[in-house]
Amino acid sequence: MKQIIRKAIEELNELLPNSKKILFAESSPLVSEDSNLESVDLVNLFVNLEENLRKNNFNLSFDDIIKEADKFDTIGSLELFLTRKFKK
C-alpha cells in the first residue's frame with residue numbers, strides 16, 4: 001500500500017510548487033490544519049490514489065475516498081486506513 005500512496009503523492013508533487021510539495025513520511029500532514037494543501041490539491045491526490053489503486057486491482061472509488069477524507073490527517077493515517085480496508 002505504501003508504494004501506491006507514494007506514487008499518488010509523486011504524481012501530485014509534479015503539479016505543486018516547491019513550497020507545497022509533500023514529503024513522503026508517515027507524519028506528513030494531508031487533511032489537517034498543518035497541511036499546506038488546498039482542497040484542489042487534495043482532489044488531485046485522491047484522483048491519483050484512486051487510479052493507482054485500480055492499477056493494482058484494488059477497488060475504491062473517489063467518492064468513497066472523499067467520504068473518509070477526514071480520517072487522513074497524515075500519510076500514515078491514510079496508509080493505515082487503506083491497509084485495513086484491503087486486509088485479506
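The following legends describe close-up views of a predicted model. Residues are numbered from 1 along each chain as its sequence is written, and side-chain values use heavy atoms, without hydrogens or water. Local features require pLDDT of at least 70 and side-chain atom pairs pLDDT 80 or more, whereas totals for chains, interfaces and linings use all residues.

**View A. Helix H1 and its buried residues.** Helix H1 covers residues 2–13 (helices are DSSP runs of H or I, at least four residues, numbered from the N terminus). Its end C-alpha atoms are 16 Å apart, which agrees with the 16 Å expected for 12 residues at 1.5 Å a residue (the expected span is 1.5 Å times one less than the number of residues). Buried residues (under 20% relative accessible area, 1.4 Å probe, protein chains only) include Ile4, Ile5, Ala8 and Glu11. The buried residues of H1 pack against helix H2 (39–55) and helix H4 (75–85).

**View B. Contacts of Leu82 in the core.** The largest nonpolar core (buried Ala, Val, Leu, Ile, Met, Phe, Trp, Tyr and Cys residues joined through side-chain atoms within 4.5 Å) has 23 residues, and Leu49 and Leu82 have the most contacts inside it. H1, H2 and H4 each give two or more residues to this core. Beyond its neighbours within four places in sequence, Leu82 is in contact (heavy atoms within 4.5 Å) with Met1, Ile5, Leu49, Leu53 and Leu60.

**View C. The pair Phe46 and Phe72.** These rings form an aromatic pair (centres within 6.5 Å) that is edge-to-face (planes over 60 degrees apart), at 5.9 Å centre to centre and 70° between the planes. Both Phe46 and Phe72 are buried. Phe46, Phe72 and Phe81 form one aromatic cluster.

How values were computed: Buried < 20%, exposed > 50% of the residue type's maximum accessible area, 1.4 Å probe, protein only. Phe/Tyr/Trp six-rings, centres within 6.5 Å; stacked < 30°, edge-to-face > 60°.
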